[in-house]
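Me: I'm new to reading protein models and would like a close look at one part of this one. Could you walk me through a single strand and what lies around it?

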Amino acid sequence: MKTVSLFWIGTMLVLAATLQTSCSSSRTAVNSEQAQAVKQQIESRRYRISVNRMLPMKGPSQYLTSSYSLTVRGDTVISYLPYFGQAYSLPYGGGKGLNFESTVTVYSLSFDAKGTARISFQTRSENETFLYLIEIFVNGSSSIRVTSSNRQSVSFYGALEPEEAPPAVMI
């Protein structure tokens, strides 16, 4: 009786180890494919980060209900982000905040050992200069920190959107 139960316990352990190994190797393959796609999208300088949460310098984290985003298209940045925080100097009427389209002046991209992309760039709206510091992880999750010449810093969290396929040409 003991021999039979030891046989079944050994068989179950071998089966569990085999199953766990096969599942983890398939998960790694998917992650490496996803990481490669994320890396290619970032290196092309054509990406969009959808933002769903913001963290002002003072105050609690806030989940966003509208569709805010940061888009980089080569040397152009389209910033459509909310702002809550202290402003030091603003034009009459408050200005446009973090909602503008402008040219990127200084752009830097590097990857760490884990594949996390670290991007920094400077840009300018009509009334302010901004420094954007972005981290994009291999799974596409992202963090953005915006430092302004006239406002307190603010951070955003979201995800890199998959690159859209070009429209099909109909003949």
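Reply: Let's take strand E8 and then move on to its surroundings.

First, some ground rules. This is a predicted model, so local features need pLDDT of at least 70 and side-chain atom pairs count only at pLDDT 80 or more, while totals for chains, interfaces and linings use all residues. Residues are numbered from 1 along each chain as its sequence is written, and side-chain values use heavy atoms, with hydrogens and water left out.

About that pLDDT: it's the predictor's confidence in each residue, from 0 to 100. The chain averages 80, and 73% of the residues score at least 70. Over residues 21-30, though, pLDDT stays under 50, and the model has zero contacts there beyond four places in sequence. (A contact means heavy atoms within 4.5 Å.)

Now for the strand itself. Strands (E, at least two residues) and helices (H or I, at least four) are DSSP runs, numbered from the N terminus. E8 covers residues 154-160, and five of its seven residues are buried. Buried means under 20% relative accessible area, exposed means over 50%, and partly exposed is in between, using a 1.4 Å probe and protein chains only.

E8 has a partner in E1 (residues 46-56), and the two pair in the antiparallel sense over seven bridges. Two strands count as paired if DSSP finds at least two bridges between them. In this pairing, Arg-53 has Tyr-157 of E8 as its bridge partner. E8 also runs antiparallel to E7 (residues 141-148), joined to it by six bridges. Here Ile-144 stands opposite Phe-156, and Arg-145 is bridged to Ser-155. E7 and E8 make a hairpin, with five residues between them. As background, strands of a sheet pair through backbone hydrogen bonds, either parallel or antiparallel.

Step back and you'll see a closed barrel of eight strands, running E1-E2-E3-E4-E5-E6-E7-E8 with antiparallel pairing. Neighbouring strands of this sheet are turned by 30° against each other on average, direction ignored. (The axes behind that angle are lines fitted to C-alpha atoms, for helices over the stretch in contact, and angles run from 0 to 180 degrees between N-to-C directions.)

Just before E1, Arg-45 sits in the loop that follows helix H1 (2-43). Arg-45 has a positive phi of about 60° although it is not a glycine, and its 21% relative accessibility makes it partly exposed.

Elsewhere in the barrel, strand E4 (residues 98-111) holds Phe-100, which is buried at 11% relative accessible area. Leaving out residues up to four places away in sequence, Phe-100 touches several others, including Val-77, Ile-78, Phe-130 and Tyr-132.

That brings us to the rings. Rings of Phe, Tyr and Trp (its six-membered ring) pair if their centres lie within 6.5 Å; planes under 30 degrees apart are stacked, over 60 edge-to-face, and the rest tilted. The whole structure has five aromatic pairs. In one, Phe-130 and Tyr-132 have ring centres 6.3 Å apart and planes at 55°, so the pair is tilted. Both are buried: Phe-130 has a relative accessible area of 1%, and Tyr-132 has 0%. Ring pairs link these two with Phe-100, Tyr-107 and Phe-121 into a cluster.
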